Amino acid sequence: MKFIDLYRTVVPERFRTLLHPKVICEQLKEEHYIKTISKKQKKTLANLENKDKICWVFFVLLDPVWKYDELYRLMLKHTRFEPIILVCPIINQGEEYMEIEMNNAYKTYLDKGYYVLKSYDQQTNRYIDVKKELRPDIIFYTSPYYGLIDKRYYISNYRDILSIYVPYSFNNSCAFDQNYNLLLYNLLWRHYLPTKRHLEYSKQYARNKGINSFVTGYPGIETLIDNHKPSNNDWKIKSDKKKKKIIWAPHHTIEPVGVVFFSCFLRYCDFMLNMAKNYQNEIQIVFKPHPILKSKLYKRWGKEKTDDYYSEWETMPNTSINEGGYEDLFLTSDAMIHDSGSFVAEYLYVNRTVMRTLNEVDEAEKMNDLAMECISNHYLARNEQDIEQFIQNVINDVDPMREQRTKFINDVLMPKGSPSQNIIDDILDSIDNQILYRN
């Protein structure tokens with residue numbers, strides 16, 4: 001029986017507008033991919049057992065969500081790995097945005113001395129054929145979203161190559177399907193996770209029951225916990241130790257994205273500028289917006305108003321902007337005010353006083369239970385007065401939650417060993433001993 005005949009037999013006519021044949025067909029394809037992927041991975045794993053050099057290609061999109069410096073450096077030093085960074089195009093924000101972000105990311109990795117290539121040549125309008133030209137043994141994804149990366153680099157085209165994903169953020173939201181059950185998560189060979197709680201989520205919500213998931217710790221926090229000495233200084237007044245250094249990090253969800261609606265930016269954007277002006281003798285503020293907040297403000301405010309707003313943060317005497325990496329920023333700060341997703345956990349690792357701004361949606365409707373435990377170690381802002389009181393407390397070194405926060409960090413968040421080293425150890429052990437999955 002043809003698929004369309006089966007569809008007409010099984011699906012009542014009144015439901016056919018909801019269950020279109022193309023949708024059903026895509027779902028069936030996904031389920032087939034998931035059921036058959038382990039056979040392909042087992043065969044590929046066997047081919048790597050006696051291979052001296054393992055070619056590893058990072059598929060990179062946005063520079064600010066790159067959390068894998070230590071992993072790349074460890075691989076570069078190791079005799080078994082040949083790491084390559086491939087900058088891939090972002091296709092959902094227009095051609096101009098794609099070219100700007102590709103060039104920014106390429107320059108960043110080039111400046112670091114990494115072996116980096118662009119997947120797309122703007123002059124010749126040509127894309128790299130990964131399988132033919134790079135011939136990777138392992139592909140490392142830095143973003144899981146179909147429709148963000150060009151489809152020629154999506155995981156469904158590389159089912160005969162071992163694939164790995166390490167979340168670029170701490171996955172604090174309760175959007176469990178988005179964080180554990182996308183097609184990519186179910187096709188991966190390894191999905192490396194920050195904590196045992198994240199593994200529990202994967203087992204509960206992934207269609208493959210999290211069989212490919214493994215806890216290593218979160219590489220994004222390694223520089224925050226390993227006595228790293230900051231090399232970058234985002235503070236405008238670098239030598240003034242009297243002025244407290246506060247980060248303001250607003251999220252991009254000025255409009256809800258599914259259950260993800262963290263942002264309080266529109267409510268406090270002018271107020272935070274006023275705080276910087278009113279307390280300019282006591283504080284510095286670095287404006288640390290989510291990387292895609294600006295593109296969303298362009299659509300809502302227009303380019304001129306958005307650029308003027310960002311410019312004000314750049315030009316005031318005690319403020320500046322950080323739109324890139326933030327590890328050094330965290331380490332040199334005294335406090336943070338935010339409504340971020342990942343920063344709910346990440347900033348706790350530096351164990352500085354921190355405030356979360358709240359909007360009208362209950363946090364428990366947006367966040368998972370681990371994130372709610374992290375938030376319980378934040379000071380909370382429901383209005384402007386709460387924020388100003390927090391700023392005054394930072395100025396006066398008032399932090400009554402410090403002992404509670406320290407205990408939570410040590411008991412719940414800290415990884416066992418180096419997350420990047422854990423990843424490398426697991427990969428080599430799995431190849432050498434032909435271990436397809438850990439769970």
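A residue counts as buried under 20% relative accessible area, as exposed over 50%, and as partly exposed in between, with a 1.4 Å probe and protein chains only. By that rule R135, at 62% relative accessibility, is exposed. This is a predicted model, in which local features need pLDDT of at least 70 and side-chain atom pairs count only at pLDDT 80 or more, while totals for chains, interfaces and linings use all residues. Residues are numbered from 1 along each chain as its sequence is written, and side-chain values use heavy atoms, with hydrogens and water left out.

The setting of R135 is the loop between helix 5 (130-134) and strand 6 (138-141), where helices (H or I, at least four residues) and strands (E, at least two) are DSSP runs numbered from the N terminus. Although R135 is not a glycine, it has a positive phi of about 50°. K209, also a residue other than glycine, has a positive phi near 60°, and it lies in the loop between helix 8 (196-205) and strand 9 (213-215). With a relative accessible area of 57%, K209 is exposed.

H251, which belongs to the loop between strand 10 (244-249) and helix 10, is buried, with a relative accessible area of 7%. If its neighbours within four places in sequence are left aside, H251 is in contact (heavy atoms within 4.5 Å) with V260, F262, S263, H290, L293, D339, S340 and G341.

The loop of H251 leads on to helix 10 (residues 265-278), whose axis comes within 11 Å of that of helix 16 (residues 384-395), the two crossing at roughly 30°. Here axes are lines fitted to C-alpha atoms, for helices over the stretch in contact, and angles run from 0 to 180 degrees between N-to-C directions. Helix 10 and helix 16 are therefore roughly parallel to each other, since angles under 35 degrees count as roughly parallel, over 145 as roughly antiparallel, 65 to 115 as roughly perpendicular and the rest as oblique. On the side of helix 10 the contact is made by Y268, F271, M272 and M275, and on the side of helix 16 by E384, I387, E388 and I391. By class, this contact has six nonpolar, no polar and two charged residues, where Ala, Val, Leu, Ile, Met, Phe, Trp, Tyr, Cys and Pro count as nonpolar, Asp, Glu, Lys and Arg as charged, and the others, Gly among them, as polar.

A second helix pair is formed by helix 11 (residues 293-300) and helix 12 (residues 303-315), which pack at an angle of about 135° with their axes 7 Å apart. That angle makes helix 11 oblique to helix 12. L293, K294, L297 and Y298 of helix 11 meet K303, T306, D307 and Y310 of helix 12, and these residues divide into four nonpolar, one polar and three charged.

Further along the chain, L413 lies in helix 17 (residues 402-413) and, at 1% relative accessibility, counts as buried. Not counting residues up to four places away in sequence, L413 touches F170, A345, L348, Y349, C374 and F408. L413 and K296 are 117 residues apart in sequence and 32 Å apart in space, C-alpha to C-alpha.

In helix 18, the buried residues are P419, S420, I423, I424, D426, I427, L428, S430 and I431. Just after helix 18, Q434 takes a positive phi of about 55°.
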